Amino acid sequence: MLDEPKYDVKQDQIRNVIISIPVGKVATYGQIAKLAGLAGYARYVGYVLKNLPNETGLPWHRVINAQGRLSFKPGSERYKVQYQKLLFEGITLTNGRINLKKHQWQY
DNA sequence: CACAGGGCCGTTA
DNA sequence: CTAACGGCCCTGT
């Protein structure tokens, strides 16, 4: 019989990309999917991050949507957490938005 | 199998 | 600027 992967390869690739996002930089869902060789998997990236364990080790906070906004409801707990983490890394928001020209991970 | 929904995206109005 | 669509991929019911 064929050995089927015990873990999800796609998720692994996505995680791999997210881990390599440098401090002080951010990446969009679509960008990550593309770098992982999975163009079009933006929503899937969101799905993966959604059910991450609390202590994950992944810099999920450096992942934002294409509009430079945090994909959480402003004011919600999770929004605050992500905001704090970003701020701690020197990433600031202007009118609830991040300047992608300046902070987006260039590769 | 059908359908809804999610930490999305780009285009169009 | 907001809103609506269609497209993309996967999971849960």
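## Protein on two DNA strands: a quick briefing

Around DNA strand C, the surface splits by class into 3 nonpolar, 1 polar and 3 charged residues. Keep in mind that this is a predicted model. Against DNA strand B, the surface has 7 nonpolar, 5 polar and 3 charged residues. Away from the DNA, there are nonpolar cores, a buried histidine and a couple of salt bridges to look at, with 17 residues in the largest core, His 61 as the buried histidine and a salt-bridge count of 2.

**DNA strand C**

- The residues around this strand are Lys 10, Gly 40, Tyr 41, Arg 43, Tyr 44, Tyr 47 and Arg 97. Of the strand C atoms that come within 4 Å of the protein, 73% are sugar and phosphate.
- Helix α3 gives the largest share of this surface, with 3 residues.
- On the backbone side of the strand, a side-chain N or O atom of Lys 10 sits 2.8 Å from a phosphate oxygen, and one of Tyr 47 is 3.0 Å from a sugar or linking oxygen.
- Arg 43 goes for a base instead: a polar atom of its side chain is 3.3 Å from a base oxygen of strand C.

**DNA strand B**

- Here 15 residues surround the strand, and Tyr 29, Arg 43, Lys 50, Asn 65 and Ala 66 come nearest. Arg 43 also turns up in the list around DNA strand C.
- Sugar or phosphate makes up 47% of the strand B atoms within 4 Å of the protein, and bases make up the rest.
- Two phosphate contacts to check: a polar side-chain atom of Lys 50 lies 3.2 Å from a phosphate oxygen, while Ala 66 uses a backbone N or O atom, at 2.8 Å from a phosphate oxygen.
- Arg 78 reaches a base, with a polar side-chain atom 3.1 Å from a base nitrogen of strand B.
- Helices α2 (29–35) and α3 (42–50) are the elements that each put two or more residues on this surface. The largest share, 5 residues, is from α3.

**Nonpolar cores**

- In the largest core, the members touching the most others are Ile 14, Ile 18, Ile 21, Ile 32, Val 45, Leu 49 and Val 63. The elements giving two or more residues to this core are α1 (9–19), α2 and α3.
- Ile 14 makes a handy starting point: beyond its neighbours within four places in sequence, Ile 14 contacts Ile 32, Ala 36, Leu 38, Tyr 44, Val 45 and Val 48.
- There's also a second, separate core of 9 residues, with Val 26, Ile 64, Leu 86 and Leu 93 among them.

**His 61**

- His 61 sits in the loop between α3 and β2 (63–64). With a relative accessible area of 8%, His 61 is buried, because the cut-off for that is under 20%.
- Leaving out residues up to four places away in sequence, His 61 touches Gln 82, Lys 85, Leu 86 and Glu 89.

**Salt bridges**

- Arg 62 pairs with Glu 89, with the closest N and O atoms 2.9 Å apart. This bridge links distant parts of the chain, 27 residues apart: Arg 62 is in the α3–β2 loop and Glu 89 is in the loop between α4 (77–88) and β3 (93–94). Both Arg 62 and Glu 89 are buried.
- Glu 77 pairs with Lys 80 at 3.5 Å between the closest N and O atoms. Both are in helix α4, 3 residues apart, or about one turn of the helix.
- Glu 77 counts as exposed at 54% relative accessibility, whereas Lys 80 is partly exposed at 42%.

Technical notes: Residues are numbered from 1 along each chain as its sequence is written. Chains are lettered from A and ligands numbered from 1 in the order in which they are written. This is a predicted model: local features need pLDDT of at least 70, side-chain atom pairs count only at pLDDT 80 or more; totals for chains, interfaces and linings use all residues. Side-chain values use heavy atoms; hydrogens and water are left out. A residue is near a molecule or strand if one of its heavy atoms lies within 4 Å of it. A polar contact is a pair of N or O atoms within 3.5 Å; within protein, one must be able to donate a hydrogen and the other to accept it, and residues adjacent in sequence count only if both atoms are side-chain atoms. Helices (H or I, at least four residues) and strands (E, at least two) are DSSP runs, numbered from the N terminus. Ala, Val, Leu, Ile, Met, Phe, Trp, Tyr, Cys and Pro count as nonpolar, Asp, Glu, Lys and Arg as charged, and the others, Gly among them, as polar. A nonpolar core is a set of buried Ala, Val, Leu, Ile, Met, Phe, Trp, Tyr and Cys residues joined through side-chain atoms within 4.5 Å. Buried means under 20% relative accessible area, exposed over 50%, partly exposed in between (1.4 Å probe, protein chains only). Contact means heavy atoms within 4.5 Å. A salt bridge is a side-chain nitrogen of Lys or Arg within 4 Å of a carboxyl oxygen of Asp or Glu.
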